Structure formats: structure tokens, C-alpha cells
Amino acid sequence: MSVRYSAVMRGCVVWCGGLLLASQVLAFVRNDSNWAYMPNPMGENWVICPDRMPGDAVQRTKDGAAAWNYEHFQFTFDPEACLSNGAFGTLNSVNQIDFGPLSEGVLANTVFFFFTDAPNQTIECDMRFNSAVNWYTGTDTPAADQFDWWSVATHEMGHCLGLGHEDSINPPPVMRSTLAMGTVTRQLTPDDVAGRNSIYDAAQAPPSGSPAPSSPASSGGGGGGGGCSFVSGNPTDTAPLLAALGNMLLPVLVLVVVRVWVRRRRR
Amino acid sequence: MPTARDDMAPRHVYTWYAPHRKALIAWCNLVLILWICAGHAAMLNISIEELARKADTIVLGTVTQQASAWDDQHTAIHTDVTVEVEQVLTGLPGEVVTLRVLGGVVGGVGMGTSNDATFRVGERVIVCLDTHAVPSTVVGMQQGKFTVEDNTVIRADETWSLNEFIAAVHTAVR
């Protein structure tokens, strides 16, 4: 009997561990092009057109961009201006973020232009937030009927720097294609970080005099190389592995507590 | 003849292993539930039913041709996608439908978007169309395009059997 129960327990532990580790698999998707060919990626002087934007949308847009900053690039914004005459998604040498009508069901849209040389080189990126959406532009949690501007800005900036949608893994990355009302996804997950790093870690180092990195904690090495990879393939990015191990240790801790409790009860 | 060991075994099991087992099973169930919830918390897909209500035409077919071009102002690129119709799920299309999506590659310059559907020649697809637009457009952008592989309908991380999908569309448009 005890052998059977031991086997059941071992099976449970292995199953939980496998499940938790499987949820940490990285599977980021890369767009056709990126800015890695530039000496100072994302230093292309992004412009926010603040016309009719709600609340603190301008600052939240910058916050969304800043989430991606690390030692290999920083998003650089020019003073707010509207330089595209109301047009969106047109090739005009301006990387503009604006607010206006989009198709129903779309929170925001990003359009990027690129040369098709190898590797494909992004030359412009425009972004629009849907003016028909009930936006939350604060820093707390949006109401149940609001969409979080900061989360969407972080997502769209991921498109601009060269990442596509990733819907197949947990925890849901910033680059997941959908966002529920009342929820936030402002923090990069290991999958997002690995995707960014896979593009820009090999890029040219920033020139001297460029700003210092603002988020060294989010930087990592390795990356997934554009396909699927495991956390163990990224030697400096141990957070998800530690989290998984921590989760695996929790049931052991619970067992110890139960054991102590049972012992005391028997006495 | 019962031995001392026989007498101890059940007590050993029920006193020590049973609580462990229950705790472990409870923990595993909790992990599973949280994992499932986390996987679907951010989903706000346009459902098949909603797409079927919004689209006037839904077809199953194969992409036979794509042609990209600049717009008249030479500021944006679109791609006209030709689909040879294999089965009409709803609407009255011809044997071939042509739809337009933003993005494409022309003469060394490409344009991509984060939300428009993309296609490849030879791909077997189900597309939900607004044929009142000229040229036709995909309803729900990339959410209105499904890839069909081995009679499995795929959209992002969702899958349906082809028969199940067709039945859902027919039910929705009834």
C-alpha cells in the first residue's frame, strides 16, 4: 500500500513540476524586419501626436516604450507634434503615434515599413490607438469596462521593435494578440525579453555619448534565436526557472506543515 | 497469522501518506486551475458566432495568387489575395473571391501591420468577408482568417475540427 501511495505522490510531484516547467517555454515570434542594423536602434525620434488623446495617454505611451529599453537601445521621443496631417500608416519618414478611428474590435494598430534586403530593415513605424475604445490612462488598475493604454502601448512598441504576436505560451506575454478589459500586461515576461534580446543583443553597440541603460534588470543574454527555445538555453535569465523551482518547492513545504500538524495532533 | 508489520502498515498509510496524498492532489489541482485560468485570462477573441453574424460571406478555399501594389499616393502598400472557393459556408460568392489586406512587398520595400491577416499561396483557409466593401475585406482583420490543415481549423492558439467549425457557422447564421 505504502509503495503505491509513494508512487502516486512521486507522480504528482513530477506532474506538477513538468507542468510548471512546460509553462516557462519561450516561443516568441519575430516580425519580418527590425532596427538592429542601426547603430542606435529606436533612437529614431518618435513623435506622439497628442490631439484628442485621453488623460495621461502621452506619458503612458512613453512608459510602454520604456518597458523595452535596455543596454542595446532606448526609445527616444521628440516633443509632441502632429506631422502626418491626420494620415495613419503612410510612408513619410515620421515615426508617429496618434489617436483616431480604426476597425471595430481593434485596440491599436501598428504599421511598419521596411527594406527587403537581408536582413529586412525597418525604416518607419507608425502606431494608432482606436478612438472608439474606452481607455484607462492611469497607473493603477483599469475598471472592468476599460482597456489599459499602458499595456497596449507596451504591446505595440514590441511590434515596432520587431516582434509579432505570440499566443501559445504561459504566462501570457506582452505580445499576446488580445487583451481583456480591466486587465494589465505592462511587464515584460521572459518570452518578451528573450524575443527582444534575440534581435538586439547581437546588434551594434550604442555610440559613445548615448544615454545609459534604464532597465538593466530586464536585460538578459542569449535569446531564443527566433524560434522556440527553453529557459535553460539562456544562461543569464534565470528568473523563470527559479520561479518554477519555487513553485515546485511549495508543495514540499505544505507537506512538512501537514506532517508537523499531524504529529502534534497525535500527541 | 497477522504480524506487527501488517498491523502498522494501514496506520502508516492512513496517518502519514493519506494527508500527504490529499495535500499533493489538492495542490496539483490548484496549480492546474491557475495554469488554465492564466492561459485564458487575456483572451478577448471575436467568436465564430460573432464573425458569422458580421460577415456576409464565409468561404473555405485555397489561396492561388497574391499581388501587392502601392496606393495612388505611393504611401501605403496593399495586397489583393485570390482565393479559389472550395466550399461556401455562407453567402453567395463566385468560384473565386478576391480580398484586399493592407501590407505587402513591392520593389524592395515592404509594409506590415500588426492586425491585418496575412496569406501565402497554396494555403487552405477559411475567410470571413465583407463583400460590400470594394474590394472585399476580411471581417475582424486577422481574427477573421483561419488556416485549415488536415481538416483542423486553426486561429492563433485555438483549433476546431472542420466539421465542428462549419456547424458553428451554420448555427450562427440560422
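1. Let's start with Ile58(B). Leaving out residues up to four places away in sequence, Ile58(B) touches Ala52(B), Leu89(B), Thr90(B), Gly91(B), Ile126(B), Cys128(B), Leu129(B) and Val169(B). Please keep in mind, here and below, that this is a predicted model. Ile58(B) is also one of four residues, along with Val127(B), Leu129(B) and Val138(B), that touch the most other members of the largest nonpolar core, a set of 79 residues. Helix 3 of chain A is the element that gives the most to this core, with seven residues. As background, nonpolar side chains in soluble globular proteins tend to be buried together.

2. The next residue along, Val59(B), is worth a look too. Val59(B) lies in strand 1 of chain B, which covers residues 57-70. Is Val59(B) buried or exposed? Val59(B) has 24 other C-beta atoms within 10 Å, and 20 or more are enough for a residue to count as buried, so Val59(B) is buried. Apart from residues up to four places away in sequence, Val59(B) touches Val83(B), Val85(B), Gln87(B), Val88(B), Leu89(B), Pro93(B), Val97(B) and Val127(B). The C-alpha atoms of Val59(B) and Leu129(B) are separated by 8.2 Å, and these two residues are 70 apart along the chain.

3. Now for chain B as a whole. Chain B has three helices and 10 strands. Read along the sequence, the pattern is α-α-β-β-β-β-β-β-β-β-β-β-α. Chain B has 174 residues, of which 30% count as buried. Among its contacts between residues at least 6 apart in sequence, 58% join residues at least 24 apart.

4. Chain A can be described in the same way. Chain A has five helices and six strands, and from the N terminus on its elements run α-β-α-β-β-β-β-β-α-α-α. Of the 267 residues of chain A, 41% count as buried. For contacts in chain A with a separation of 6 or more, residues 24 or more positions apart account for 70%.

5. A helix pair in chain A deserves a point of its own. How do helix 2 and helix 3 of chain A cross? The axes of helix 2 (residues 57-66) and helix 3 (residues 149-161) of chain A come within 7 Å and cross at roughly 45°. The two helices of chain A are therefore oblique to each other. Their crossing is right-handed.

6. Which residues make this helix contact? From helix 2 of chain A come Ala57(A), Arg60(A), Thr61(A), Asp63(A), Gly64(A) and Ala65(A), and they meet Trp149(A), Trp150(A), Ala153(A), Thr154(A) and Met157(A) of helix 3 of chain A. The residues of this contact divide into six nonpolar, three polar and two charged.

7. Gly162(A) is a good place to pause in the loop between helix 3 and helix 4 (190-200) of chain A. Gly162(A) is buried, because 25 other C-beta atoms lie within 10 Å. Setting aside neighbours within four places in sequence, Gly162(A) is in contact with Arg30(A), Asn31(A), Ser33(A), Asn34(A), Trp35(A), Thr122(A) and Ile199(A). For one of these, Asn34(A), the C-alpha atom is separated from that of Gly162(A) by 4.6 Å, with the two positions 128 residues apart along the chain.

8. Please also check the backbone in a few spots. As a reminder, most residues other than glycine have a negative phi, and most peptide bonds are trans. Each chain holds an example of a cis bond. In chain A, a cis peptide bond joins Asn170(A) and Pro171(A), with omega about -5°, and Pro171(A) sits in the loop between helix 3 and helix 4 of chain A. In chain B, a cis peptide bond joins Val134(B) and Pro135(B), with omega about -5°. Pro135(B) is found in the loop between strand 6 (124-130) and strand 7 (137-138) of chain B.

9. Finally, here are two residues with positive phi. Asn85(A) is not a glycine, yet its phi is positive, about 50°. Asn85(A) is in the loop between helix 2 and strand 2 (96-100) of chain A, and with 7 C-beta neighbours inside 10 Å Asn85(A) counts as exposed. In chain B, phi of Asp150(B) is near 50°, again a positive value in a residue other than glycine. Asp150(B) lies in the loop between strand 8 (145-149) and strand 9 (152-155) of chain B. Asp150(B) counts as exposed because it has 8 C-beta neighbours inside 10 Å.

Note on methods
Residues numbered from 1 in each chain as written. Chains lettered and ligands numbered in written order. Predicted model: local features only at pLDDT ≥ 70, side-chain atom pairs only at ≥ 80, totals over all residues. Axes fitted to C-alpha atoms, helices over the stretch in contact; angles between N-to-C directions. Helix = DSSP H or I, 4+ residues; strand = E, 2+ residues; numbered from the N terminus. Parallel < 35°, antiparallel > 145°, perpendicular 65-115°, else oblique. Left-handed = near helix turned anticlockwise from the far one by under 90°. Contact = placed C-beta atoms within 7 Å. Nonpolar A, V, L, I, M, F, W, Y, C, P; charged D, E, K, R; others polar. Core = buried A, V, L, I, M, F, W, Y, C linked by C-beta atoms within 7 Å. Buried ≥ 20, exposed ≤ 12 C-beta atoms within 10 Å, placed from the backbone.
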